[in-house]
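Open the model in your viewer and keep the selection box handy. We will go from stop to stop, picking residues and looking at what surrounds them.

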Amino acid sequence: MSTYALALPSLSSQVPTSRSPASAPLIVFVHRRPRHHRAETSIGASGAVRRRHGMADEKDPRGSQCPGSAALFSSSFAVEVGEGAAVAASTSTAASDDNDKVEADANPLGFAGDRPKHFVSPTLQLSLLQDHEPYTSNGSVDIRGNAAPKKHTGKWRACYSILGGEFCSAMAYYGVGTNLVSYLTKVQKESNVTAASNIASWQGTCYLTPLLGAFLADSYWGRHRTIVISLTIFTIGMILLTLSAVVQASMHTMVISAQDALPSLGLFLTALGLGGIWPCVPTFGADQFDDTDGTEKAQQELYYNWYYFAVNGGFFLASTVLVWVQDNCGWGWGFGIPTLFSAIGIAGFLASMKLYRYQKPGGSALTRIFQVVVAAIRKFEVDVPKDRSLLYEMPGKESAIVGSRKLMHTDGLRFFDRAATITASDETSDDVPSPWKLCTVTQVEELKILARMMPVLLAAIIFNTAEALFPLFIEQGQVMDNRITGFTIPPASLTTFNCLCILIMAPAYNKVLMPMVSRITGMKRGLSELQRIGVGIVFAMLSLVSAAIVEMVRLDIARKRGLVHRNATVPINILWQAPQYIFVGVAKVFSVVGFIEFAYEQAPDAMRSLCQACTLIMVTLGNYLVSIMLKFIDSATIGSARQGWIPENLNEGRLDLFFWLMAGLQLLNLLAFVYCAMRYKRKQATSVS
């Protein structure tokens, strides 16, 4: 064992000072070198750096129990540099199995006899300080399964490949989905009804498979492995779609022809692959920052904006360049290019494996949830102790759940605390208690957190109805004047306002909006994730208010021009629709990023991918809600003498009333969200040293 006590003078001064030796900064090193050893490093409140190497059952000079069993070699010396202090004193001891000992004096620093007593080489000072390398405190590990060092893993250099992979997968997905109806009807010769049905089924599957991918990532595979496997499956599906576009007609001789089988199988595999990409990529990127470190936490908040920027960058490129390639260069190139980018994404995730920080999978989250429910029901008549320290928890700093930090007990939902209440039968049992009878506080808090998060996540259903109404925005634009200075603007092309707004706002939020808002809120980050979601809901409501006002003006012009009973365009410029698309883009920058951040920050460590999948499910539920609302309004407003609110001829309808109805629904959603957000109890997790 080696003990180093070193008082370091200032690097900028190598002359004696009047400062007493006691005031010099002291660095203490306890160092031993057994055959197999580990290092534990800490920094004291006074700035002292302490390091311990060894195996269990060895005592260091301070009397603390150190890891290690039998030292093969140990030495100790103390060096204190300062006015009136000895230059160096050292004693070395070598121990063998027969307890033979040899002692010798030495000058370990190699100082010359005439060297000033206070002198310490700057190189030595830096080498001693650099030898202290901090590790993450959020439980993340490196590729070898050891505690992840902050210096060599994670942060932005690890996120570049993650953001690049997300850009590639987003471009590939939107490269397929944006123009898929044209491919199925023109190339595969499907009818309009069949093509629309197949696309709806494919999109529905894309938003359901994330539940499976998130479950596998959190429970068994881990996020990185899930991403690589899923991206590989997605790429295989893209290859099959490309082959279906270039396969020769002479090959269609099977009973189930390749022309029918390849696109169907390709679409299924792409949907299955997206199940592991969508919930895991944003979460895996956030894993690269230690949320217990203030500096890295601030960088993590910036990551969410850049992640959403990468998603929409892929969408913008796919909806412009790839659509043009598909229409002008053929579908082989149109599907082949995104297939290539998908393969590049796989290469990026594999090439950066040494840079990543990993979170260990914690086992089946669903099993743990059911264990808490069953244990609480079994102890229905048991009283929960008022002293929270009496509830069952694993000793030490480690959680019983692999890859998860311990969660502090919180008040509320006390029924589930019964699962962690120790009964007489639990105390008398000599065996490890069954998790179906007795659960830890951390396990109970996981279920509590999910119960508290759910009302916030449910607000995403109504929020997503704003974007789900884009088809109605397009239908509204079809009866407006789309000519601008001799150019004709397709109504669907106005959706690019939404995308461009996101591409501008996402980076601008960090540089422009955050500093401005922070002056108002007093928060360095500007807005919390819950506040971001609330602001986004406000802009979603403003989008529908803008659409309703434009429709009111359009109908008024139609009545004045006598166009009510004519299915004709109304002389109102289509660019009046731009604000409603822009408001949706602003809403998504705030709320979508807010939901992603909320799902990561507040979710239990071992359920983060699953909570991200829940935000994607809310998108699907929002689309379903719009579909139900349209059918209900159509059946409720149509009559023998009425055309209904949304007839074939919109000049005869009242589309404005439907927009006002949906805006009112957004207002109610905002009020309910504010109520839930004000009562929300945040997660309280311990750190892992």
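Start by selecting Leu-472, which sits in helix α14, residues 470–478. What you have in front of you is a predicted model, so read each stop in that light. Is Leu-472 buried or exposed? Its relative accessible area is 7%, and since buried means under 20%, Leu-472 counts as buried.

Now show what lies around Leu-472. Leaving out neighbours within four places in sequence, Leu-472 is in contact with Leu-630, Ile-646, Leu-655, Phe-658 and Phe-659. Pick Ile-646 from that group and draw a distance between the two C-alpha atoms: Leu-472 and Ile-646 are 174 residues apart along the chain, yet these atoms are separated by 9.4 Å.

**Along helix α19**

Three of the names you may still have on screen lead on to the next stop. Leu-655, Phe-658 and Phe-659 are among the buried residues of α19. Select the whole helix, residues 655–678. How far apart are its end C-alpha atoms? They are 35 Å apart, and this agrees with the 34 Å that 24 residues should span at 1.5 Å a residue.

Next, colour the buried residues of α19. Besides those three, they include Asp-656, Met-662, Ala-663, Gln-666, Asn-669, Leu-670, Phe-673 and Ala-677. Which elements cover them? The cover includes α12, α13 (465–468), α14, α16 (529–560) and α18 (608–637). Helix α14 is where you met Leu-472, and α12 holds our next residue.

**Thr-442 in helix α12**

Select Thr-442, in helix α12, residues 441–463. Thr-442 has a relative accessible area of 1%, so this residue is buried. Show its side chain and look for the backbone nitrogen of Leu-407, which the side chain reaches at 3.2 Å. Not counting residues up to four places away in sequence, Thr-442 also touches Glu-393, Ser-399, Ile-401, Ser-404, Arg-405 and Lys-406, along with Leu-407.

**Out to the surface**

Switch to a surface view and select Leu-366, Phe-370, Val-374 and Trp-436. Together they form a nonpolar patch on the surface, with about 360 Å² of accessible area. Leu-366 belongs to helix α10, residues 365–378. With 42% relative accessibility, Leu-366 is classed as partly exposed.

**Two backbone angles to check**

If your viewer lists phi angles, go to Lys-155. Its phi is near 60°, a positive value in a residue other than glycine. You will find Lys-155 in helix α2, residues 155–177, and at 31% relative accessibility Lys-155 is partly exposed.

Then move to Leu-413, whose phi is near 50°, again a positive value in a non-glycine residue. Leu-413 lies in the loop between α10 and α11 (424–428). This leucine is partly exposed, at 36% relative accessibility.

**Zoom out**

Finish with the full chain in a cartoon view. How many helices and strands does the chain have? There are 19 helices and 13 strands. Of the 689 residues, 49% are buried. Turn on the surface once more: the accessible surface of the chain is about 32,700 Å², and carbon and sulfur atoms account for 62% of that. Among contacts with a separation of 6 or more, 75% join residues 24 or more positions apart. The contact between Leu-472 and Ile-646, from the opening stop, spans 174 residues along the chain.

Conventions
Residues numbered from 1 in each chain as written. Predicted model: local features only at pLDDT ≥ 70, side-chain atom pairs only at ≥ 80, totals over all residues. Heavy atoms only, no water. Helix = DSSP H or I, 4+ residues; strand = E, 2+ residues; numbered from the N terminus. Buried < 20%, exposed > 50% of the residue type's maximum accessible area, 1.4 Å probe, protein only. Polar contact = N/O pair within 3.5 Å; in protein donor to acceptor, adjacent residues only side chain to side chain. Contact = heavy atoms within 4.5 Å. Patch = residues over 30% accessible without salt bridge, like charges linked within 9 Å, V, L, I, M, F, W, Y side chains within 5 Å. Areas by Shrake-Rupley, 256 points an atom, 1.4 Å probe, with all protein chains shown as cover. Salt bridge = Lys/Arg side-chain N within 4 Å of Asp/Glu carboxyl O. Expected span 1.5 Å × (residues − 1).
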